[in-house]
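This report is an introduction for a reader who is meeting the structure below for the first time. It takes up burial, charged pairs, strand pairing and a pocket in turn.

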Amino acid sequence: MELDDTDRQILRILQEDARTPFSEVARRIDMSSATVHDRVNRMEEAGVIEGYHAKVDAKAVGYGVSAFVGLRTEQGREEEALAHLAGLPEVQEVHLTTGQWDVMVRLHAEDTEALRDLMFDHIADTEGFTRSQTMVVLGTDYEADGLPI
């Protein structure tokens, strides 16, 4: 789907706050609410807009530790290992990567003890992973809320 400047304006507004009413989006870009609604529907159907989410503070819901985990996979066992990772509730992202690690994972745990248990009991002993490195996040200075549209 080819996006025009109006589509991009709509996307920027919705990335700021997905709960912005179409009437407000329409007012800000000088367009009718019905036209905004049609454009949003078209972008949803085309897969440009994948969903709407609330951003939740991890610490506020009991996840005091964040970490990145680099994993090396055993050739031919990647699919089942990746499926296992995706099934762990603490795992937020799983990325196939180039470089030292075949897979990079971002996860949250309640505390360092829960992180240790997660790593030893659910990740490090998973068939298909041969090596791992855990990097605990000490602080986050910047995290973008959306894409640069």
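A residue is called buried when its relative accessible area is under 20%, exposed when that value is over 50%, and partly exposed when it falls in between. With these limits in mind, R42, at 35% relative accessibility, counts as partly exposed, whereas D7, at 1% relative accessibility, counts as buried. The model from which these values are computed is a predicted one.

**Salt bridges between helices**

The structure holds eleven salt bridges, and two of them involve D7, which pairs with R39 at 2.8 Å between the closest N and O atoms and with R42 at 3.2 Å, N to O. Because D7 belongs to helix α1 and R42 to helix α3, their salt bridge ties together parts of the chain that are 35 residues apart in sequence. The partners D7 and R39 are both buried. Beyond these pairs, a network of salt bridges links D4, D7, R39 and R42.

**A salt bridge between strands**

Another salt bridge is formed by R106 and E93. R106 lies in strand β3 while E93 lies in strand β2, so this pair ties together parts that are 13 residues apart in sequence. R106 counts as buried because its relative accessibility is 18%, and E93 counts as partly exposed because its value is 30%.

The three salt bridges described here are set out below with the distances between their N and O atoms.

| Salt bridge | N to O distance |
|---|---|
| D7 and R39 | 2.8 Å |
| D7 and R42 | 3.2 Å |
| R106 and E93 | 3.0 Å |

**Strand β3 and its partners**

Strand β3, which runs over residues 103-109, is mostly covered, since six of its seven residues are buried. Strand β1, made of residues 65-73, pairs with β3 in the antiparallel sense over seven bridges, and strand β2, made of residues 91-96, also pairs with β3 in the antiparallel sense, over five bridges. Residue L107 of β3 appears in both pairings: A67 stands opposite L107, and L107 is also the bridge partner of V91. Strands β2 and β3 form a hairpin with six residues between the strands, and in this hairpin G99 takes a positive phi near 100°.

**The largest pocket**

Which residues lie nearest the centre of the largest pocket? They are K55, R106, E143, A144 and D145, out of a lining of 40 residues. The elements that give two or more residues to this lining are α1 (residues 5-16), β1, β2 and β3, and among the contributors α1 gives the most, with four residues. The pocket has a volume of about 1700 Å³, and its lining divides into 19 nonpolar, ten polar and eleven charged residues.

Several of the parts described above meet in this picture. R106 is one of the residues nearest the centre of the largest pocket, and R106 is also the partner of E93 in a salt bridge. Likewise, helix α1 gives four residues to the pocket lining, and D7, the residue that forms a salt bridge with R42, lies in α1.

Methods. Residues are numbered from 1 along each chain as its sequence is written. This is a predicted model: local features need pLDDT of at least 70, side-chain atom pairs count only at pLDDT 80 or more; totals for chains, interfaces and linings use all residues. Side-chain values use heavy atoms; hydrogens and water are left out. Buried means under 20% relative accessible area, exposed over 50%, partly exposed in between (1.4 Å probe, protein chains only). Two strands pair if DSSP finds at least two bridges between them. On a 1 Å grid over the protein atoms alone, a cavity is a set of points where a 1.4 Å probe fits but cannot get out, and a pocket is an open set with protein on both sides within 12 Å along at least five of seven lines; lining residues have an atom within 4 Å of a point. Grid points are joined across faces, edges and corners, and a volume is the space filled by probe spheres set on the points. Ala, Val, Leu, Ile, Met, Phe, Trp, Tyr, Cys and Pro count as nonpolar, Asp, Glu, Lys and Arg as charged, and the others, Gly among them, as polar. A salt bridge is a side-chain nitrogen of Lys or Arg within 4 Å of a carboxyl oxygen of Asp or Glu.
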